[in-house]
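Subject: Structure handover

Hi,

Here is the structure I promised to pass on to you. Could you open it alongside this message and follow the notes as you read?

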Amino acid sequence: MSVRSLDGRWFGTFEFAPGACGRWQVGALTLVVERAAGEWRVWHALAPADPADGGAARFDADAAPPRDQPPLRYVVADRSGALRLSPLLPDRSVVARPLSPVYVPAGETVRLYVSVPLWLRLEAGAQAPYRRLLEVGCMQLSDTWFGPDTISGELCYALRGRCRLDPGSARPPYRAVTPLVIHNRFRECLALERVKVPVRQLSLYAEPHGQLWTNELALERTEDGDLAGLRVGAAAPAEAAAATLVAAPRDRNGRKGAMHAFSALFQS
C-alpha cells in the first residue's frame, strides 16, 4: 500500500511512500495529496451541493493525481513522508434554521442535536511543530448575519434543517454533533427559529469508531423572560463518554467574552 494510516480511520496521521498519492472524500469535499521530492502537492474541490446525510467519509490509499488541473505545491524540509489530517470546527459561528419552527412550552426542557459541517487541516512532518499546509471546509456554506442590527452582531455560516431530537439521525461522518439543552422557565413558549452555535469556542471530540462531537451547550430562559448566560460543558457530552479530544477551541482566549456578549442564541 502506497499510503498507510497510522490511526486506522479516515483522519489522523498517514505515512506516504515516495511518489504516493492519497484521496479523501469527506462530504462535498474531494481532497487529493501526492508526495513528491521535497514537496507536497494538493488538489481540492467542492461539489456544488451538500450530499445526503448518509454520505460517507472515505479514504483511498492508492489514488491517482488529477493531471488535468495544477496542484497547490508546498515545499517542506521534512522528508519523513508523514502527513496529518485533522478535523476542525468551522472558523465562524453556525446559525441553524429548522425546516419549521420549534416551540418549547413554559416549564419544559428540551435536548436538541445540531450537526455542524467540518473543516480539515493538513499538516506535514513527523513531530511538532508541524508545518501547516492547508485548511478547507467540507461543504460550501452561505453567509448570514446574526444580531439585532448591522452593528451589533456577527457574520456567521447558515445551515438549514439541522436541529433534531434524535442524536442517531444527526450523525453523518462529515459533521460534528452539538447537544443543545434549553430550559424554558418563562410563562410563555420559546420559539426556536434560528439557533446560533458558537463553534469557535467549542472543542471537538472523536469516539473510537470516528463519530465526532462537541461540548454540550445549555441555556436557560428565566422566569422573568431573560436569557441567562450560556453554559458550555467541560468535556465530551454524555452520549459520547468514550470520546477523546481531537481539536481544542479555535478561540480559547475569547471564550468567556463571546459567551456573555452573545448569551442569546435565538433569533426570529
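Below is what turned up, taken topic by topic.

**Confidence first**

Please keep in mind that this is a predicted model. Averaged over the protein, pLDDT is 85, with 87% of the residues at 70 or more. One stretch to read with that in mind is 255–264, where pLDDT stays under 50. For those residues the model has 19 contacts beyond four places in sequence.

**An open sheet**

Five strands come together in an open sheet, and their order across it is β6-β3-β4-β5-β7. The pairing is antiparallel. At the edges you will find β6 (57–60) and β7 (72–75), each of which pairs on one side only. On average, neighbouring strands of this sheet are turned by 15 degrees against each other, direction ignored.

Within the sheet, have a look at β4 (residues 29–36) and β5 (residues 39–46): these antiparallel strands are joined by eight bridges. If you want a place to start there, Arg-35 stands opposite Trp-40 in β5.

**The largest pocket**

The largest pocket has a volume of about 310 Å³. Its lining is made up of 17 residues, and those nearest the centre are Arg-84, Ser-86, Pro-87, Val-246 and Ala-247.

Which strands supply at least two residues each to this lining? They are β2 (12–16), β8 (82–88), β12 (119–124) and β24 (244–247). Of the contributors, β8 gives the most, with five residues. By character, the lining of the largest pocket holds eight nonpolar, three polar and six charged residues.

**The cavity**

There is also enclosed space to look at: the count comes to one cavity of 30 Å³ or more. The largest cavity has a volume of about 60 Å³. Around the largest cavity are Leu-88, Leu-89, Val-199, Leu-202, Ser-203, Leu-204, Ala-247, Ala-248 and Arg-250. Sorted by type, that lining has seven nonpolar residues, one polar and one charged.

One link between the two spaces may help when you turn the model around: Ala-247 is among the residues nearest the centre of the largest pocket, and Ala-247 also belongs to the lining of the largest cavity.

Happy to go through any of this together once you have had a look.

Best wishes

Terms used:
Residues are numbered from 1 along each chain as its sequence is written. This is a predicted model: local features need pLDDT of at least 70, side-chain atom pairs count only at pLDDT 80 or more; totals for chains, interfaces and linings use all residues. Side-chain values use heavy atoms; hydrogens and water are left out. On a 1 Å grid over the protein atoms alone, a cavity is a set of points where a 1.4 Å probe fits but cannot get out, and a pocket is an open set with protein on both sides within 12 Å along at least five of seven lines; lining residues have an atom within 4 Å of a point. Grid points are joined across faces, edges and corners, and a volume is the space filled by probe spheres set on the points. Helices (H or I, at least four residues) and strands (E, at least two) are DSSP runs, numbered from the N terminus. Ala, Val, Leu, Ile, Met, Phe, Trp, Tyr, Cys and Pro count as nonpolar, Asp, Glu, Lys and Arg as charged, and the others, Gly among them, as polar. Two strands pair if DSSP finds at least two bridges between them. Axes are lines fitted to C-alpha atoms, for helices over the stretch in contact, and angles run from 0 to 180 degrees between N-to-C directions. pLDDT is the predictor's confidence in each residue, from 0 to 100. Contact means heavy atoms within 4.5 Å.
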